[in-house]
Amino acid sequence: MREDGLHADVVIVGAGPTGLTLANLLGGMNVSVVLIERNMTTVQEPRAVSIDDESMRTMQAIGLSDDVERIVARGYGSRYLSPSRRNFLTVEPTSRDYGFDKRNAFQQPELEQVLRNGLGRFPHIRQMFGWEMQNFSQHAASVTVDIRESGGREAKITGRFMVACDGGRSSTRSGLGLELAGSTFAERWLIVDLVRTENRFRHTEVHCDPARPCISLPGPDNIRRYEFMLQKGEDEEIANDEAFVRNLLSRVGPDRNAEFRRVRVYTFHARMATSWRRGNIFLAGDAAHLTPPFAGQGMNSGLRDAQNLGWKLAEAVAGKVDDAFLDSYEIERKPHAWEMINLALRMGQVMMPENSVKAALTRAAFGALGLYPPARDYFAQMRYKPKPRFRQGLLFPDGKPESQTMVGRLIPQPVVEGTDRVRSLLDGLLPDQPAVVVFDEFPDRVVPAAALSKLAGAGAVVVGLTPEWMNPVDGAFPVYREVSRLFSTPQLENYLGHAFLLRRDRYIASIVPVAALESLLPAIAAIATPRPAPNPNPALAEAS
């Protein structure tokens, strides 16, 4: 039996965290989607365990941050321990640059269920679980995907675009002839997930022991994961040797007798696809890059892909964009994905010292740095983690040196206060369109009516943001007070009297002095395509 005639703006292959997040983003942008997943349900076993503040901001963008916060253990850190269990490095970030805690523990089955439930808000998204892609082809302005259900039914889907979120062994990537490049790094680790832990320590414990490196990660609801590095000669059969596993657990904590939820050997890689796009087909998540787990950035990198690609596909569906617009996805995301891979490798070197001498030297170096407060704070607040920033792409530089400019960076998300004294995160007050944020002591006075009209006509919303020491006012456009002082850093205070042009993903596309507001008009036109009036009831066209 064959079912043809399915159509969608975007076909997504793979309903893991990246595919589900992308579908939610597109759903909220009135883009029709067919989501294909070969499994009958979302994942039922623990995999990824950490979601960071950038990804939580993406959850906010799809309207699910409150639901996700209900299932996570918020704001945990790490302790790095010597073989004698002496703590030599503490990482416990407290800052909330993007509006959320920097590290949050979760269970992937629960997260995926939240994301899948979120799709129910959108009648124009069709979920096809239990269907597997058989082959695909593309033409100048479309993609055709043949799929088969486990029961034998077949269907053909036509889409404007296709996004492959089908994992590290992506059949789409193979079908496109794209290879994985990068490090030959490949380490085998034994992953032990517990039903319930006796280890009540809230933070991650990193046992930096050359004899057997181990990471012990907390989770919500008293669960815990242990990761043990395997040595040469230890094959995957040891995962079935209960005595071996329990002996490892006894060396690093009180969980020798705990009930196992899952025990499995994983091989970690540091690789990246040579290209992330072929015509109308894009790779995202593990299909595009494989990241070692030591920085907890594998899934988070995939969610960054979804956030970057989602609005660009929506713009392409709504109006005509050129290849450079869509090519900016890879141009912007690829360097930062490499930065996350390299961060994980560097952290792995601390966790996995080659011998006792190097381990002792590493501990001594961190001990010396701990005597210098700025260095201690650098590690404690996770400032070693590269902040997301683009150097090329849909950007309009302001002429400042790269080390000083905010163009290309994800704008901090402060808590702001309106004239009603209600406090909110900034993103929640901005509609899903380009935004011009006027940062000034008197935003209402420095935006002429003519400029306001032109910016609005170009498709941008205008809001004012005052520094902490100024009160907001009511006027021709909303003005808020920046309460959390994220804009009181030297770098951002230098931009007082300027306007930030934010893209739909809240990256800064351009910054100009308030006297030059109208000079933003070409940049707005470059990131927002002209579009017809929206369809009030978008739906997936389906042949009967």
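**Reading a predicted protein model**

Tutor: Let us start with one residue: methionine 406 has a relative accessible area of 4%, so it is buried. Buried means under 20% relative accessible area, exposed over 50%, and partly exposed in between, with a 1.4 Å probe and protein chains only. Please keep in mind that this is a predicted model, where local features need pLDDT of at least 70, side-chain atom pairs count only at pLDDT 80 or more, and totals for chains, interfaces and linings use all residues. Residues are numbered from 1 along each chain as its sequence is written, and side-chain values use heavy atoms, leaving out hydrogens and water.

Student: Where does methionine 406 lie, and which residues does methionine 406 touch?

Tutor: Methionine 406 lies in the loop between α10 (373-380) and β20 (415-417). Helices (H or I, at least four residues) and strands (E, at least two) are DSSP runs, numbered from the N terminus. A contact means heavy atoms within 4.5 Å. Not counting residues up to four places away in sequence, methionine 406 touches Pro412, Gln491, Leu492, Tyr495, Ile508 and Ile511. The C-alpha atoms of methionine 406 and alanine 509 are separated by 9.1 Å, with their positions 103 residues apart along the chain counted as the distance apart.

Student: How many helices and strands does the protein chain have?

Tutor: You can find 14 helices and 26 strands in the protein chain. Of its 544 residues, 57% are buried. Take the contacts between residues at least 6 apart in sequence: 72% of them join residues at least 24 apart.

Student: How do I read one helix, such as α12? Which of its residues are buried?

Tutor: In α12 (residues 449-458), the buried residues are Ala451, Leu452 and Leu455. They span an arc of only 100° around the axis, which puts them on the same side of α12; the arc is that of the directions from the helix axis to the C-beta atoms. Here is the general idea: an α-helix has 3.6 residues a turn, so residues three or four places apart point the same way.

Student: What do the buried residues of α12 pack against, and which exposed residues are on the face turned away?

Tutor: The buried residues pack against β22 (435-439), β23 (461-466) and α14 (521-527). Turned away from that buried side is a face carrying the exposed residues Ala449 and Gly457. After α12 comes glycine 459, and its phi is positive, near 110°.

Student: Now a strand, please. How many residues of β2 are buried?

Tutor: In strand β2 (residues 33-37), 5 of the 5 residues are buried, so the strand is largely enclosed by the rest of the structure. Look at its two faces: Val33, Leu35 and Glu37 are buried on one side, and Val34 and Ile36 are buried on the other. Two strands pair if DSSP finds at least two bridges between them. Here, 5 bridges join β2 to β8 (residues 125-129), and the two run parallel. Valine 33 stands opposite isoleucine 125 in β8.

Student: What does the side chain of glutamate 315 contact?

Tutor: Glutamate 315 lies in helix α7 (residues 298-318) and is buried, with a relative accessible area of 1%. Its side chain makes a polar contact of 2.8 Å with the side chain of arginine 504. A polar contact is a pair of N or O atoms within 3.5 Å; within protein, one must be able to donate a hydrogen and the other to accept it, and residues adjacent in sequence count only if both atoms are side-chain atoms. Aspartate 193, in strand β12 (residues 180-194), is buried too, at 5% relative accessible area. A 2.8 Å polar contact joins the side chains of aspartate 193 and arginine 225.

Student: How many aromatic pairs are there in the whole structure?

Tutor: A search finds 11. One of them is tryptophan 311 with phenylalanine 325, an edge-to-face pair with 5.8 Å centre to centre and 75° between the planes. Rings of Phe, Tyr and Trp (its six-membered ring) pair if their centres lie within 6.5 Å; planes under 30 degrees apart count as stacked, over 60 as edge-to-face and the rest as tilted. Tryptophan 311 is in α7 and phenylalanine 325 in α8 (residues 323-351), 14 residues apart. Both are buried. Phe161, Trp276, Phe282 and Tyr329 form one aromatic cluster.
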